[in-house]
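Here are a few exercises to work through with the sequence and the structure side by side. Try each task on your own before reading its solution.

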Amino acid sequence: MQNLNEMQSETQPLVTASVRLDANLQKRLMRVHRLIYLILLIAGAAMVIAYIPLDVLAAEEIVAQSDWYNILLWLGALMFAVGLVCTLMLRSGVKRADTGLANEYSFYGDHFSIRTTRGTECVVVANFQYSECAKIRENREFFLLYQNRANVFPVEKSPLSQEERARLRELLRLPQKNK
């Protein structure tokens with residue numbers, strides 16, 4: 001039979017956190033993707049622009065004619081198109097992210113609970129075992145709990161105290177940070 005302290009520890013969360021699911025959060029989570037798409041756009045545009053003087057110089061027979069110019073044009077156009085499409089898709093996803101939802105996380109010894117709310121209304125409550133997460137990562141701003149390759153539950157670190165961060169790292173079996 002469990003004593004009262006053990007029973008309370010199972011019913012009381014060890015760490016709690018709350019995150020608003022808005023466009024600002026989406027932008028912060030997708031920062032690296034935006035940078036990659038921007039690099040694709042710029043590199044693709046530079047390659048297409050570089051094709052023009054090379055083609056003119058080749059037509060004037062100042063430089064040798066080469067198939068590399070066409071490869072440069074098509075590769076540059078492809079990179080520009082991919083960067084543009086991905087940027088537009090990312091922007092539309094960010095616009096749709098402003099739903100007014102918030103996730104309230106409660107972390108226990110063997111599982112965590114997510115309560116999604118809109119205002120004061122509870123939309124859904126879900127419980128997950130830590131072992132059900134496909135991947136768990138930590139970066140500068142967030143603990144990221146991946147449900148699968150596409151869905152992530154971000155837990156913002158800034159409102160958590162150092163003790164809560166250490167306790168959460170322990171629960172998520174992440175290496176402790178020495179600071």
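## Exercise 1: Two residues of one helix

Thr87 sits in helix H4. Please keep in mind that the model is predicted.

**Task.** Decide whether Thr87 is buried or exposed, and do likewise for Leu78.

**Solution.**
- Step 1: Locate Leu78, which belongs to helix H4, spanning residues 68-96.
- Step 2: Apply the cut-offs: buried is under 20% relative accessible area, and exposed is over 50%.
- Step 3: Thr87 has 18% relative accessibility, so Thr87 counts as buried.
- Step 4: Leu78 has a relative accessible area of 52%, so Leu78 is exposed.
- Step 5: Look at the surroundings. Beyond its neighbours within four places in sequence, Thr87 contacts Tyr37 and Leu41. Leu78 belongs to a nonpolar surface patch with Trp68, Ile71, Leu75 and Val82, and together they have about 510 Å² of accessible area.

## Exercise 2: The largest nonpolar core

**Task.** Find which elements give two or more residues to the largest nonpolar core.

**Solution.**
- Step 1: Start from the core itself, which has 24 residues; Phe107, Phe112, Leu145, Val155 and Leu172 have the most contacts inside it.
- Step 2: List the contributing elements: strands S1 (15-21), S2 (101-107), S3 (111-118), S6 (142-146) and S7 (152-156), along with helix H5 (162-171).
- Step 3: S6 provides the largest share of this core, with five residues.
- Step 4: Follow Leu172 outwards. Not counting residues up to four places away in sequence, Leu172 touches Phe107, Tyr130, Ile136, Phe143 and Leu145.

## Exercise 3: The faces of H5

**Task.** Why can the buried residues of H5 be said to line one face of the helix?

**Solution.**
- Step 1: Pick out the buried residues of H5: Arg165, Leu168, Arg169 and Leu171.
- Step 2: Viewed down the axis of H5, these buried residues fall within an arc of 160°, so they line one face.
- Step 3: Turn to the other side of H5, where Gln162, Glu163 and Glu170 are exposed.
- Step 4: Ask what covers the buried residues; the cover includes S1, S2, strand S5 (135-138), S6 and S7.
- Step 5: Move past the helix to Arg173, which follows H5 and has a positive phi near 60°.

## Exercise 4: A glycine in a loop

**Task.** Which residues does Gly109 touch, not counting those up to four places away in sequence?

**Solution.**
- Step 1: Find Gly109 in the loop between S2 and S3.
- Step 2: Its relative accessibility is 53%, so Gly109 counts as exposed.
- Step 3: Even so, Gly109 touches Leu14, Tyr130 and Leu171.
- Step 4: Check a distance: the C-alpha atoms of Gly109 and Leu168 are 9.9 Å apart, with their positions 59 residues apart along the chain.

Conventions
Residues are numbered from 1 along each chain as its sequence is written. This is a predicted model: local features need pLDDT of at least 70, side-chain atom pairs count only at pLDDT 80 or more; totals for chains, interfaces and linings use all residues. Side-chain values use heavy atoms; hydrogens and water are left out. Patches are made of residues with over 30% relative accessible area and no salt bridge: like charges are joined within 9 Å, nonpolar side chains (Val, Leu, Ile, Met, Phe, Trp, Tyr) within 5 Å. Accessible areas come from the Shrake-Rupley method with a 1.4 Å probe; for residues, only the protein chains shown count as cover. A salt bridge is a side-chain nitrogen of Lys or Arg within 4 Å of a carboxyl oxygen of Asp or Glu. Helices (H or I, at least four residues) and strands (E, at least two) are DSSP runs, numbered from the N terminus. Buried means under 20% relative accessible area, exposed over 50%, partly exposed in between (1.4 Å probe, protein chains only). Contact means heavy atoms within 4.5 Å. A nonpolar core is a set of buried Ala, Val, Leu, Ile, Met, Phe, Trp, Tyr and Cys residues joined through side-chain atoms within 4.5 Å. The arc is that of the directions from the helix axis to the C-beta atoms.
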